[in-house]
Amino acid sequence: MDMPEVFKCSVTNCAYNNDEQCHALAITVGDGANPRCDTFTEAGFKGGDEQEIGRVGACKVSVCRFNESLECQAQGIEVGNRDGGVFCMTFSWR
């Protein structure tokens, strides 16, 4: 199984973000019903691997229609700001 790519991340203050691309090797999304990006972090430097595009390593949002056995089954996701937090914008209720 291939991990879905983070197609776009508009959270420019994340250390893994460079030009709206995520460069964390794998992100973790959420807990329960909250599709927050658990990998989001601010730092005074950039992190991740600039040669790689971020992927979804784990999804803990059991109520998302793309979640199967804690693995994201979407083609890819978008991460963005919503309500003062950083969320998987691809989240969709079952």
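What volume does the second largest cavity have? The points below take up this question together with the salt bridges and a few individual residues, and they concern a predicted model.

1. The second largest cavity. The volume of the second largest cavity comes to about 80 Å³, and 13 residues form its lining, with Val-29, Cys-59, Cys-64, Cys-72 and Cys-88 lying nearest its centre. Strand β6, which covers residues 56-61, gives the most to this lining, contributing three residues. Sorted by class, the lining of the second largest cavity holds twelve nonpolar residues and one polar residue, while charged residues are absent from it.

2. The largest cavity. A search of the whole structure finds two cavities of 30 Å³ or more, and the largest cavity encloses about 90 Å³ of space. Its lining is made up of 14 residues, and those nearest the centre of the largest cavity are Cys-9, Cys-14, Cys-22, Ile-27 and Cys-37. In the lining of the largest cavity there are twelve nonpolar and two polar residues, and no charged ones.

3. The salt bridge between Glu-20 and Lys-8. The count of salt bridges in the model is four, and one of them joins the side chains of Glu-20 and Lys-8, with a distance of 3.6 Å from N to O. This pair links distant parts of the chain, since Glu-20 sits in the loop between β2 (17-18) and β3 (21-22) whereas Lys-8 belongs to strand β1 (residues 5-9), and the two are twelve residues apart. Glu-20 has a relative accessible area of 31% and is therefore classed as partly exposed, and Lys-8, with a relative accessible area of 34%, is likewise partly exposed.

4. The salt bridge between Asp-38 and Lys-60. A salt bridge also brings together the side chains of Asp-38 and Lys-60, at 3.1 Å from N to O. Here too the pair links distant parts of the chain, with Asp-38 in the loop between β5 (34-37) and β6, Lys-60 in strand β6, and their positions 22 residues apart in the numbering. Asp-38 counts as partly exposed because its relative accessibility is 36%, and Lys-60 is partly exposed as well, with a relative accessible area of 38%.

5. Arg-82 and Asp-83. The side chains of Asp-83 and Arg-82 meet in a further salt bridge, for which the N to O distance is 3.7 Å. Are these two residues buried or exposed? Asp-83 counts as exposed because its relative accessibility is 73%, a value over the 50% cut-off, whereas Arg-82, at 32% relative accessibility, counts as partly exposed. Asp-83 is placed in the loop between β9 (76-82) and β10 (85-88), and its phi is positive, at about 55°, although Asp-83 is not a glycine.

6. The backbone at Glu-20. Returning to Glu-20, a reader who follows the backbone will find that its phi is near 65°, which is a positive value in a residue other than glycine. Glu-20 lies in the loop between β2 and β3, and it is this residue whose side chain meets that of Lys-8 in the salt bridge described above.

7. Asn-17. Where in the chain is Asn-17 found? Asn-17 is in strand β2, and it counts as buried because its relative accessible area is 2%, which falls under the 20% cut-off. A polar atom of the Asn-17 side chain lies 3.1 Å from the backbone oxygen of Val-11. When residues up to four places away in sequence are not counted, Asn-17 touches Cys-9, Ser-10, Val-11, Thr-12 and Lys-46.

8. Ile-53. The loop between β5 and β6 contains Ile-53, a residue that is partly exposed, with a relative accessible area of 29%. Which residues does Ile-53 contact once its neighbours within four places in sequence are left aside? They are Glu-5, Val-6, Gln-21, Cys-22, His-23 and Ala-24. For Cys-22, the separation from Ile-53 is 31 residues in sequence, while in space the distance from C-alpha to C-alpha is 5.9 Å. Cys-22 is also among the residues that lie nearest the centre of the largest cavity.

Definitions and conventions:
Residues are numbered from 1 along each chain as its sequence is written. This is a predicted model: local features need pLDDT of at least 70, side-chain atom pairs count only at pLDDT 80 or more; totals for chains, interfaces and linings use all residues. Side-chain values use heavy atoms; hydrogens and water are left out. On a 1 Å grid over the protein atoms alone, a cavity is a set of points where a 1.4 Å probe fits but cannot get out, and a pocket is an open set with protein on both sides within 12 Å along at least five of seven lines; lining residues have an atom within 4 Å of a point. Grid points are joined across faces, edges and corners, and a volume is the space filled by probe spheres set on the points. Ala, Val, Leu, Ile, Met, Phe, Trp, Tyr, Cys and Pro count as nonpolar, Asp, Glu, Lys and Arg as charged, and the others, Gly among them, as polar. Helices (H or I, at least four residues) and strands (E, at least two) are DSSP runs, numbered from the N terminus. Buried means under 20% relative accessible area, exposed over 50%, partly exposed in between (1.4 Å probe, protein chains only). A polar contact is a pair of N or O atoms within 3.5 Å; within protein, one must be able to donate a hydrogen and the other to accept it, and residues adjacent in sequence count only if both atoms are side-chain atoms. Contact means heavy atoms within 4.5 Å.
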